[in-house]
Structure formats: C-alpha cells, structure tokens
Amino acid sequence: MSTDPGTYTYSDDVLRDRIIMITGASDGIGKALALEVARLGAQVILHGRNSAKLEEVYDEVDAIDGAVRPSIAVLDLASANAENYTTLATSLEDEFGRLDGLVHNASILGERFAIDQYDAVVWQKVMHVNVTAAFALTQVTLPLLKKSEDASIIFTSSGVGRTGKAFWGAYAVSKFATEGLSEVLADEHRHSALRVNCINPGATRTNMRLAAYPAEDRSVLKTADEILAPYIYLLSAASKNVTGESFDAQ
Ligand code: NAP
C-alpha cells in the first residue's frame with residue numbers, strides 16, 4: 001500500500017469506528033468525501049445549510065452496503081451565532097461523545113473582481129464563511145476532538161491561497177488565512193493526539209469551479225471522486241503524527 005498522500009491506497013475498513021464531520025457535505029467535494037468516508041466504515045456527520053440536499057446525501061449513504069447510518073447537522077455558516085455553535089457541539093457530545101475527524105470543506109467563492117472594485121459586503125461574507133466560521137466550529141468541537149485517541153482536522157486551501165492571483169479577491173485572501181489558521185492550530189497541538197493539516201484539492205469538476213471558470217472544458221477536470229486519497233490518508237491512522245502540513249490533492 002502506498003502512504004504517499006496523493007496515491008494513498010487503503011482497505012475498505014480503513015475508517016471503521018471513526019466519527020467524522022464534514023462541512024459542506026451537500027455538494028461537490030464534501031459530498032463525494034462523505035460517501036467515501038461512509039463506505040470505509042466511518043460514522044459520518046453531514047454538515048450543510050440546505051436540509052433537502054443533505055437528506056439526499058443521507059439517503060445515498062444509507063444505501064451503501066454496510067455503512068453506518070449518517071447524521072445531519074444543519075448550520076448556515078454565514079449566519080450562525082455563538083449559541084448555534086454551542087448547540088451543535090452539545091448535540092454532538094450527547095450523540096457521539098467524541099470526534100475523530102473534522103473536515104472544513106464548506107466555502108464560498110464570492111465575486112471575481114479587482115481589489116479596487118471589490119464589494120465590501122461580499123468581502124466580509126467570504127471571510128466570514130471561509131475563515132471565521134471554520135475558527136468558530138473548530139473552537140466548539142476541540143473538546144470532542146481531544147477525546148479521541150487519534151484525531152485529525154483538515155482545512156481546505158487552494159492554489160490561490162499560496163500565491164496571490166489577480167481578481168481572486170477575498171476568496172484568495174481567505175485561503176491564505178485558512179493555511180495560517182491550520183498552521184497555528186497544528187503548532188498549538190504539536191505534542192498531542194490531534195493533527196491539523198491543509199489540502200488544496202486543485203481544479204475539480206464542481207459547481208464552484210463552474211462559477212469560477214464557466215467557459216472551460218469541464219471534461220478535462222478531475223471529478224471529486226478522483227481526488228479523495230489525501231483526505232482518506234489524513235483521516236486514517238496512516239497519517240498519525242503528520243501535522244502542520246499542506247498537501248496538494250493533484
Ligand atoms: P461546492 O460544490 O460549491 O460546494 C461547497 C459546499 O459548501 C456545499 O456543500 C455548500 O452548500 C457549502 N456551503 C457554502 N456556503 C455555506 C454556508 N454558508 N453554510 C454551510 N455550508 C455552506 O464547492 P467545491 O468545489 O466542492 O469546494 C469544496 C472546497 O474545495 C472549498 O473549500 C473550495 O474552496 C475548495 N476548492 C475547490 C476547488 C475546485 O476546483 N472545485 C479548487 C480549490 C479549492 P450548498 O450545497 O447548500 O450550496
């Protein structure tokens with residue numbers, strides 16, 4: 001078996017008995033990851049803002065032979081307040097008692113404008129959903145992650161979160177901040193059972209990519225199903241002690 005994150009191969013029970021929450025599990029990469037994580041034996045908590053879409057993913061997980069029945073966590077990251085986060089953490093504590101994995105996947109693109117034309121309200125919303133909400137969710141779930149003997153947090157970055165690129169505005173800046181949050185958190189838990197890393201999925205055939213590049217040939221893009229190996233690597237015991245790193249899924 002390969003332990004290189006990008007080509008990591010794994011057995012069908014590699015995540016058995018793990019409890020893993022994925023944000024933005026209603027669509028795109030988060031949905032594909034939720035289905036794979038459930039297929040590999042984990043109890044998956046499907047987070048999103050749209051109940052109807054989450055229920056469709058729930059049904060798809062439920063139809064997987066042998067999969068543990070998932071759980072749904074509805075929370076709009078754009079509008080959730082402190083009480084909403086605490087309520088979510090309390091219900092996770094009551095239902096599961098711990099978390100072994102937290103994948104911060106949900107994000108919004110915002111608008112593609114130069115900084116001098118960028119709308120300040122859109123800027124704040126992108127920074128809030130992509131960075132501040134991930135901070136808030138991390139903070140309330142840390143006690144649950146610390147109850148795991150082998151916990152993993154994954155943040156989702158982007159190529160424009162490593163090299164600034166014209167017209168990517170708040171989205172790019174939010175991904176730089178995401179890399180920073182991941183590094184700070186990793187360093188704070190360097191001597192614990194909690195590892196914290198980032199993944200840049202690379203160009204992937206989802207609705208977000210379509211919004212960013214409406215005219216491109218989508219047939220050449222990897223599908224979300226094809227980029228999951230590093231996520232499974234970081235969620236499994238194979239990556240124990242790997243922390244503070246940022247990986248490319250492609
Ligand atoms: P996507 O298809 O647009 O899915 C985004 C997910 O986030 C959806 O489940 C969406 O929910 C959820 N979400 C958005 N706003 C939310 C909010 N306010 N509250 C709760 N959930 C919210 O995007 P994707 O392409 O799969 O992207 C997944 C991650 O990969 C993102 O962090 C993105 O920045 C990153 N990424 C993607 C690419 C790419 O080429 N696709 C490249 C680099 C990085 P709804 O279903 O309700 O909309």
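Helices here are DSSP runs of H or I with at least four residues, numbered from the N terminus.

**View 1. Helix 6 at the ligand.** This is a predicted model, and helix 6 is the element that gives the most to the shell around the ligand, with three residues. On the confidence side, helix 6 has the lowest mean pLDDT among the elements of the protein chain, at 96, while strand 4 (residues 101–104) has the highest, at 99.

**View 2. Polar contacts of the ligand.** Thr206 puts a polar side-chain atom 2.5 Å from an oxygen atom of the ligand. Backbone atoms get involved too: a polar one of Gly24 sits 3.1 Å from a ligand oxygen, and a backbone N or O atom of Asp27 is 3.5 Å from an oxygen atom of the ligand. As for cover, the ligand taken alone exposes 900 Å², and the protein buries 93% of that.

**View 3. The pocket and its helices.** The ligand takes up the space of the largest pocket. Helix 1 (28–39), helix 5 (169–188) and helix 6 (207–212) are the elements that give two or more residues to the shell around the ligand.

**View 4. Who lines the ligand.** There are 30 residues around the ligand, and those that come nearest are Ser26, Lys53, Asn105, Tyr171 and Thr206. Sorted by class, the shell holds 10 nonpolar, 14 polar and six charged residues.

**View 5. Confidence along the chain.** The protein chain averages a pLDDT of 97, and 99% of the residues score at least 70.

Conventions. Residues are numbered from 1 along each chain as its sequence is written. This is a predicted model: local features need pLDDT of at least 70, side-chain atom pairs count only at pLDDT 80 or more; totals for chains, interfaces and linings use all residues. Side-chain values use heavy atoms; hydrogens and water are left out. A residue is near a molecule or strand if one of its heavy atoms lies within 4 Å of it. A polar contact is a pair of N or O atoms within 3.5 Å; within protein, one must be able to donate a hydrogen and the other to accept it, and residues adjacent in sequence count only if both atoms are side-chain atoms. Accessible areas come from the Shrake-Rupley method with a 1.4 Å probe; for residues, only the protein chains shown count as cover. On a 1 Å grid over the protein atoms alone, a cavity is a set of points where a 1.4 Å probe fits but cannot get out, and a pocket is an open set with protein on both sides within 12 Å along at least five of seven lines; lining residues have an atom within 4 Å of a point. A molecule sits in a cavity or pocket if more than half of its atoms lie within 2 Å of its grid points. Ala, Val, Leu, Ile, Met, Phe, Trp, Tyr, Cys and Pro count as nonpolar, Asp, Glu, Lys and Arg as charged, and the others, Gly among them, as polar. pLDDT is the predictor's confidence in each residue, from 0 to 100.
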